[in-house]
Amino acid sequence: MQYQEIMIRFGELSTKGKNKMRFINKLRKNIADVLSVYPEVVVKADRDRGHVYLNGTAYEPVAESLKQIFGIQAFSPVYKVEKSVPALKDAVVAIMTGLYREGMTFKIASKRSDHSFELDSYGLNLALGDAVYTALPSIKAQMKRPDVTLKVEIREEAAYISHEEVKGAGGLPVGTSPKGMLMLSGGIDSPLAGYLALKRGVEIEAVHFASPPYTSPGALKKAHDLTRKLTKFGGNITFIEVPFTEIQEEIKDKAPEAYLLTLTRRFMMRITDRIREVRKGLVIINGESLGQVASQTLESMVAINAVTNTPVIRPVVTMDKLEIIELAQKIDTFDISIQPFEDCCTIFAPDRPKTNPKLKNAEQYEARLDVDGLVERAVAGIKLTTITPQVEKDEMADLIEELL
């Protein structure tokens, strides 16, 4: 027998009261976006559960995608069966025969949403259990913690049988919390920060700083690929490329070497905040981990953060490098992050950056620069791209052209 449907359980969403359908509808859209790579699949949802109709698509790859979508507590692959007692008996016998091993225990759990069906739930449990006993005389019924629970549901259009429950990613559907701007470099930490924000429902837009010719098309493609990895947790993400060459050249020409990194990060924070304002986001998200590099000491964070009053969320701030690497490997961003392309934070990097920069010194050095003009020109030059789970043909052609 082949699975025809996957039934989705919502978990935490069931506690949302009057807002429940808003969360469920967002989850349905996210599932549809992630599964858009499978054209035959259809996604629907009601107040009790979601439904993914496979329509001939293989179950295994769809299940792997569903495991990673935030907002899904668990799901079960389902067999669709003709709504008659003989058909149901044949189906449960075929399923249990395929699963059977010596000493196995089982349970039938029936539910009717179609109350016109000829047997009630109790009668159906007895009839189907008897059919399994007849086919497998040595099998044992057990009401508490059986090896296999066959769930049988009688709906208006057909009957459905499931026996497996797969754990989902949990969390909240992406987009049920307001928008945040993710400062996405090409490193290990920032994609992980994006992942953790997505888990609590935050809709992220990825802000990436590019400084051609110092940063290459390969570095930009790397950032696109990292963003695409994040789409599997909740659907499409807007990628915002910021032109940063002029600013980095100005900082290098007019500021002391020890403060290059501090001033660079202050400009990045200002620009991200300005984009947040234009794009109607509420927070900034970054991958800072306390004490990991010179720009992530407490003194550096204070000097950099002083340019904005917007809340800055740092999901990995207390993690050490080994914890970050382990989780990055789990979400499949690590191998992309270690590709050897330089990003804006590594070009012009001083040999001995200031680890305890003074705010008054940073402000004094910035007085030599046209801060407002540089920020506004960078924001005016941003390029927006919608990153989907599947590489679009025009995007692939643009990237190939740039790489050549």
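G11 is partly exposed, at a relative accessible area of 29%; partly exposed covers the range between buried (under 20%) and exposed (over 50%), with a 1.4 Å probe and protein chains only. This is a predicted model, in which local features need pLDDT of at least 70 and side-chain atom pairs count only at pLDDT 80 or more, while totals for chains, interfaces and linings use all residues. Residues are numbered from 1 along each chain as its sequence is written, and side-chain values use heavy atoms, with hydrogens and water left out.

G11 sits in the loop between β1 (5-9) and α1 (20-34). Helices (H or I, at least four residues) and strands (E, at least two) are DSSP runs, numbered from the N terminus. From C-alpha to C-alpha, G11 and G168 are 9.6 Å apart in space, with their positions 157 residues apart in sequence.

Here are two residues to look at together:

| Residue | Place | Relative accessible area |
|---|---|---|
| G11 | loop between β1 (5-9) and α1 (20-34) | 29% |
| T238 | strand β12 (residues 237-243) | 18% |

T238 counts as buried. Leaving aside residues up to four places away in sequence, T238 touches I204, E205, A206, R279, L384 and T385, where contact means heavy atoms within 4.5 Å.

Now to the whole protein. Its secondary structure comes to 14 helices and 15 strands, and its C-alpha atoms fill a box of roughly 85 × 40 × 40 Å along the principal axes. Of its 404 residues, 51% count as buried. Among contacts between residues at least 6 apart in sequence, 80% join residues at least 24 apart.
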